[in-house]
Amino acid sequence: MTTLSAVDLTDPEDREQQADITRRLLYFLNAPIVEHCRLRGVLPAPGAVRIAIRAGDDENARDFLYEIPNDAVTPYYVPGLLRTVLIGPQLHSSSDVDEVMGMALIRLRPQEITPDPEPEQGRALTAVRALSGPGDDEDPFLIGFLMHGDGLLRLYLQRTDRPGIVGADIRLTEMPATALIASLPSLVEEDQYRQPSPDDPHCDLLVDLTNW
């Protein structure tokens with residue numbers, strides 16, 4: 001059994017990774033990661049993050065800690081990694097299994113696991129969350145969104161120095177659209193992407209960025 005000791009995250013990259021994974025998994029406090037598997041917590045560990053999962057119904061539930069090395073996978077892939085592990089049977093060597101705080105600790109080897117693809121809702125959540133931070137409350141850029149079509153997300157945007165609301169269509173790809181999201185404030189001003197919005201009464205014009 002692992003001896004309990006305090007964890008000191010002195011490496012700034014480890015702290016950032018830990019915080020990023022914690023934010024990404026908050027959604028699963030209200031929705032199961034997979035059927036009958038719910039998030040119980042995100043815990044810091046030396047050079048790794050540990051995800052606490054309760055598997056099973058209330059009568060037969062078991063608690064697990066899945067340990068993922070910080071340098072093995074980016075935070076974006078952690079939910080998909082967990083889905084793969086929780087959906088199908090997995091073989092773990094005895095050296096990768098332990099017990100901590102009454103939970104079965106399983107040390108994962110991400111290089112041997114293919115992450116389950118992020119569902120459309122998860123990809124939409126990633127894009128929306130990237131545009132809506134707590135510091136935007138007084139000067140919001142993102143004021144709404146709509147999932148529509150085949151893997152499309154319409155973002156409703158408003159700049160305080162410009163009149164009107166812009167609807168920006170982006171495609172929900174498997175990879176996070178980090179560069180696109182960061183460039184949105186300038187892209188919505190480019191005439192080559194702008195067009196009228198006759199069918200959507202919620203915005204004054206549309207910006208088509210589905211092929212960006």
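Good morning. I begin with a pairing in strand E10, where Leu-206 is the bridge partner of Gly-167. The model under discussion is a predicted one, and the values I quote are computed from it.

Gly-167 also has a partner on another strand, since the residue opposite Gly-167 of E8 is Tyr-156. The two pairings of E8 run in opposite senses. With E7, strand E8 is antiparallel, over six bridges; with E10, it is parallel, through four bridges. Is E8 enclosed or open to its surroundings? Five of its six residues are buried, so E8 is largely enclosed by the rest of the structure.

Let me turn to helix H4, which spans residues 178–187. Its buried residues are Leu-180, Ile-181, Leu-184 and Leu-187. These residues sit on the same side of H4, because the arc they cover around the axis is only 115 degrees. The general rule is that an α-helix has 3.6 residues a turn, so residues three or four places apart point the same way. On the other side of H4 we find Thr-178 and Ala-182, both exposed. What do the buried residues of H4 pack against? Their partners are helix H3 (120–131) and three strands: E7 (152–157), E8 (166–171) and E10 (205–208). The strands with which I opened therefore include partners of this helix face.

I move now to the nonpolar cores. The largest has 25 residues, and those touching the most other members are Leu-25, Ile-51, Ile-53, Tyr-66, Ile-68 and Leu-108. Two or more residues are given to this core by each of helix H1 (12–25), strands E1 (37–45), E2 (48–55) and E3 (62–69), helix H2 (78–87) and strand E5 (103–107). Which element contributes the largest share? That is H2, with five residues. A separate core of 22 residues lies apart from this one, and its members include Leu-142, Leu-187, Val-207 and Leu-209. Leu-187 has already appeared in this talk as one of the buried residues of H4.

Ile-51 merits a closer look. Beyond its neighbours within four places in sequence, Ile-51 is in contact with ten residues that I shall name in full: Ile-21, Leu-25, Leu-39, Gly-41, Val-42, Phe-64, Leu-65, Tyr-66, Ile-68 and Leu-82.

The strand E2 is mostly covered, with seven of its eight residues buried. Strand E1 is joined to E2 by eight bridges in the antiparallel sense, and Leu-43 stands opposite Arg-50 of E2. E1 and E2 form a hairpin with two residues between the strands, in which Gly-47 adopts a positive phi near 70 degrees. Strand E3 is likewise antiparallel to E2, again through eight bridges; here Val-49 has Ile-68 of E3 as its bridge partner. Six residues separate E2 and E3 in their hairpin, and Gly-56 in that turn has a positive phi of about 100 degrees.

Gly-47 brings us to helix H1, in which Gln-17 lies. Between Gln-17 and Gly-47 there are 9.9 Å in space, C-alpha to C-alpha, although the two are 30 residues apart in sequence. Is Gln-17 buried or exposed? Its relative accessible area is 13%, and Gln-17 is therefore buried, the cut-off being under 20%. Outside the residues up to four places away in sequence, Gln-17 touches Asn-70, Val-73 and Pro-75. With Asn-70 there is a polar contact: the side chain of Gln-17 reaches the backbone oxygen of that residue at 2.9 Å.

I close with the aromatic residues. How many aromatic pairs does the model hold? The count is three, and I shall describe two of them. One joins Tyr-27 and Phe-28 edge-to-face, with 5.2 Å from centre to centre and 75 degrees between the planes. Tyr-27 is partly exposed, at 42% relative accessibility, whereas Phe-28, at 8%, is buried. Another edge-to-face pair is that of Tyr-76 and Tyr-77, where the centres are 5.2 Å apart and the planes stand at 85 degrees. In this pair Tyr-76 is buried, with a relative accessibility of 9%, while Tyr-77 is partly exposed, at 29%. Each of the two pairs thus sets a buried ring residue beside a partly exposed one.

Thank you for your attention.

Technical notes:
Residues are numbered from 1 along each chain as its sequence is written. This is a predicted model: local features need pLDDT of at least 70, side-chain atom pairs count only at pLDDT 80 or more; totals for chains, interfaces and linings use all residues. Side-chain values use heavy atoms; hydrogens and water are left out. Rings of Phe, Tyr and Trp (its six-membered ring) pair if their centres lie within 6.5 Å; planes under 30 degrees apart count as stacked, over 60 as edge-to-face and the rest as tilted. Buried means under 20% relative accessible area, exposed over 50%, partly exposed in between (1.4 Å probe, protein chains only). A nonpolar core is a set of buried Ala, Val, Leu, Ile, Met, Phe, Trp, Tyr and Cys residues joined through side-chain atoms within 4.5 Å. Contact means heavy atoms within 4.5 Å. The arc is that of the directions from the helix axis to the C-beta atoms. A polar contact is a pair of N or O atoms within 3.5 Å; within protein, one must be able to donate a hydrogen and the other to accept it, and residues adjacent in sequence count only if both atoms are side-chain atoms. Two strands pair if DSSP finds at least two bridges between them.
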